[in-house]
Every structure is written in structure tokens, then in C-alpha cells.
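Here is a short report on strands, sheets, a pocket and a few backbone details. Please read it beside the model.

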Amino acid sequence: MEYYGTISIGTPPQDFTVVFDTGSSNLWLKVFISGFPTYPLENHRKFNPSHSSTYKSTGQKLSIQYGTGEMEGVVGSDIVTVASLVDTNQLFGLSTTEPGPFFVHVEFDGILGLGYPNLAVDGITPVFDNLVNASLLEENLFSVYLSREATGSMVIFGGIDETYFNGSINWISVSYQGYWQISMESILVNNQEIACSGGCQAIVDTGTSLVAGPPSDISNIQRVVGAWQDTYGEYKVNCSSVSAMPDVIFVIDGVHYPVSAVAYTEQNDQGPCVSGFQNTSGNLWILGDVFIRVYYSIFDRANNRVGLAKAI
């Protein structure tokens, strides 16, 4: 349900796990405040500015709203290291509070946004743009492979790894440079259009676990694939029926991208399987991890396009 990797900040480096999120554009972490109480169940590493000789305070406040929670804090700058890439002067958020329970219980320490600069709160230059501006990448793009296994998933900065996919890459132009937003023509099941009628907009979002869409369209998909809603509002399917359930096909730029029932359902430890489709409050479709696990995704800033290829 969550994919995250390790970065380091400061001198000497302090390590943190972050979500590499194409659905946002800011980097932020929790900040250590001496004597400040923490939630009893919270188990996150926090950045300690006093332990970094290269940290600089800006005095600027920051507030970021997400689909599942928000953060509030201040802005600082320091050295950020992603793999072997050293971003020497990165502005980032230091979160003093995250209203609501969501960020208390997640496994990661923060978020590293990989969306366009237009999406960055307060006009802060994203990490990826600073890497490009410093000529640290071979190409002005990054690519993502997501595995169902606990290990093996990868974010590749500045390149494409052909060992992670089969066949050719289909390129789709970005329709709006904020999210990685593209135009989608329709969604089919059993050769029938059941959603995105007449076309719609979608974002390829590594920070969303499922595929999300407008409630009426999602209801159509759930009905056709045989999912039902439990008392908590979650959609379930019979695990024994998964092999017989139909593909859901996303039609993008004339190309069919089928997602099988094995890919759009998740096995629980107990009880029925869970559907990988959920409602969203807006009109944008969100092609999250359920979709990206099936299609190796390339985010090409040089040409403002998204590349999709069948993942291994």
C-alpha cells in the first residue's frame, strides 16, 4: 500500500524514509523540537536542525494540504542527498504538526514531491528541478517501477531501465503541467464503456495507492466487476472469483491499457479481497500504484510527456 525510500539531509547526514510522490511537489519532514510531546504511537525519525552544520532557517511558514491529511510548519534549507545525487541548497518543509490521524500511523517520515514546480506550495523549487539545474542527471526525466514484493521497487533519476519492462514505450503528452496530468479517452470493461465517457483527465500518481475516480464512475466499475460495499464503505470482492473477473481497460491516446483483476484486487489476511478502486472528490482520475504496478512509468520533463510500458 505504500512505497518509500531513503534520503539524507544535513551535515552530517540524517537519514529518512520518504514517499517519492508525483502527486505533489514539496519536500517535507517532521522536525525535532526539544521538549515537544509526540503521539504515543508515533515512530518517525525527525530532522534535528541543531545537529546539521549546513542547515539554514528562512523564517517562512508553510502549510500543505493533501487528499489524506495536511502538514503545517516552517521552511529551512540544507543539503539533500538522494542516492548519489547531492542537492546542495534545497528548501524544504519542517513539519511541526500534521492535523488528523493519518500521518501519525504511516511508516514513512515525510514526502518528496516529484510533480511540476507549478504544484509546489509557496513557489519552492522541487528537488528534481534542483538536480536538473545542477546538471546532475543524464536526462531530464525519472522513471518508476513498482513491485508487489516487499523489495525490488525502484525510482530511477535521469534514466530508463529496460530490464523493468517488456515491449515498446507509449508516450502521452502532459495536458497540464502541475500534476503529471494526461488526457484519457474512456474506461472499458467487456468492450463496453463504463466510465470516463466522452473523455476525462487523469494523473499518474505514485503517492496514491489505488485507482480513484468520480463516485458515479467508480460505482459503475465496482458493479461490473462484482464488488460490493461493506458497512465501512470499503469495496470487497470474493477472493475465489478473482480469476473470473474481467480486465478494466484504460484507453489513453488510442492505446488500451488493461489491468487484470489480480492487479486491481488485494488479498486481506482474513475475509474477502479488497477492490483497488475508490472514490475521489474531484473530477480528475488518479492512476495510482494499482495502475503503475502494471505499467512502468516514465516522467519526462524535457518533453513534457509520460511514457508507459508493460512492467515485468
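The report covers the sheets, then helix α2, then the pocket, then the backbone.

The model is predicted: local features need pLDDT of at least 70, side-chain atom pairs count only at pLDDT 80 or more, and totals for chains, interfaces and linings use all residues. Residues are numbered from 1 along each chain as its sequence is written, and side-chain values use heavy atoms, with hydrogens and water left out.

## Sheets

Helices (H or I, at least four residues) and strands (E, at least two) are DSSP runs, numbered from the N terminus. Two strands pair if DSSP finds at least two bridges between them.

One open sheet has four strands, ordered β14-β13-β19-β20, with antiparallel pairing. β14 (192-195) and β20 (255-259) are the edges; each has a single partner strand, so one side of each lacks a neighbour in the sheet. From one strand to the next, the twist averages 40°. Axes here are lines fitted to C-alpha atoms, for helices over the stretch in contact, and angles run from 0 to 180 degrees between N-to-C directions. Helix α3 (residues 215-225) packs on this sheet and touches β13, β14 and β19 (248-252). The direction of α3 makes about 130° with that of β14. Contact means heavy atoms within 4.5 Å. Within the sheet, isoleucine 187 has alanine 195 of β14 as its bridge partner.

A further open sheet has six strands in the order β11-β12-β15-β24-β16-β23, and its pairing is mixed. Its edge strands, β11 (176-177) and β23 (277-279), each pair on one side only. Glutamine 177 stands opposite tryptophan 180 in β12. Helix α3 also lies across β16 (211-213), β23 and β24 (285-287). It runs at about 150° to β23.

Four strand pairs are set out below.

| Strand pair | Bridges | Sense |
|---|---|---|
| β13 (residues 186-189) and β14 | Three bridges | Antiparallel |
| β11 and β12 (residues 180-184) | Two bridges | Antiparallel |
| β3 (residues 27-30) and β6 (residues 85-97) | Three bridges | Parallel |
| β5 (residues 69-82) and β6 | Ten bridges | Antiparallel |

Strand β6 thus appears with β3 in the parallel sense and with β5 in the antiparallel sense. Lysine 30 stands opposite serine 95 in β6. Valine 74 stands opposite leucine 94 in β6.

## Helix α2

Valine 127 belongs to helix α2 (residues 127-133). Is valine 127 buried or exposed? It is buried, at 3% relative accessibility. Buried means under 20% relative accessible area, exposed over 50%, and partly exposed in between (1.4 Å probe, protein chains only). Leaving aside neighbours within four places in sequence, valine 127 contacts Leu27, Val82, Asp87, Gln90 and Leu112. Its C-alpha atom is 8.5 Å from that of leucine 91, and the two residues are 36 apart along the chain.

Aspartate 129 is also in α2. This residue is buried too, with a relative accessible area of 10%. Beyond its neighbours within four places in sequence, aspartate 129 contacts Pro117 and Arg301.

## The second largest pocket

On a 1 Å grid over the protein atoms alone, a cavity is a set of points where a 1.4 Å probe fits but cannot get out; a pocket is an open set with protein on both sides within 12 Å along at least five of seven lines, and lining residues have an atom within 4 Å of a point. Grid points are joined across faces, edges and corners, and a volume is the space filled by probe spheres set on the points.

The second largest pocket holds about 620 Å³ of space. It is lined by 26 residues, and those closest to its centre are Tyr3, Tyr4, Leu146, Ser153 and Met154. At least two lining residues come from each of β1 (5-9), β2 (14-21) and β9 (154-157). β9 gives the largest share, four residues. By type, the lining has 14 nonpolar, seven polar and five charged residues. Ala, Val, Leu, Ile, Met, Phe, Trp, Tyr, Cys and Pro count as nonpolar, Asp, Glu, Lys and Arg as charged, and the others, Gly among them, as polar.

## Backbone

Most residues other than glycine have a negative phi, and most peptide bonds are trans. Some sites here depart from that pattern.

Threonine 11 and proline 12 are joined by a cis peptide bond, with omega about -5°. Proline 12 sits in the loop between β1 and β2.

Alanine 83 takes a positive phi near 55° in the hairpin of β5 and β6, which has two residues between the strands. Asparagine 190 has a positive phi of about 55°. Asparagine 190 lies in the loop between β13 and β14 and is exposed, at 53% relative accessibility. Aspartate 253 has a positive phi near 55°, and its place is the loop between β19 and β20.
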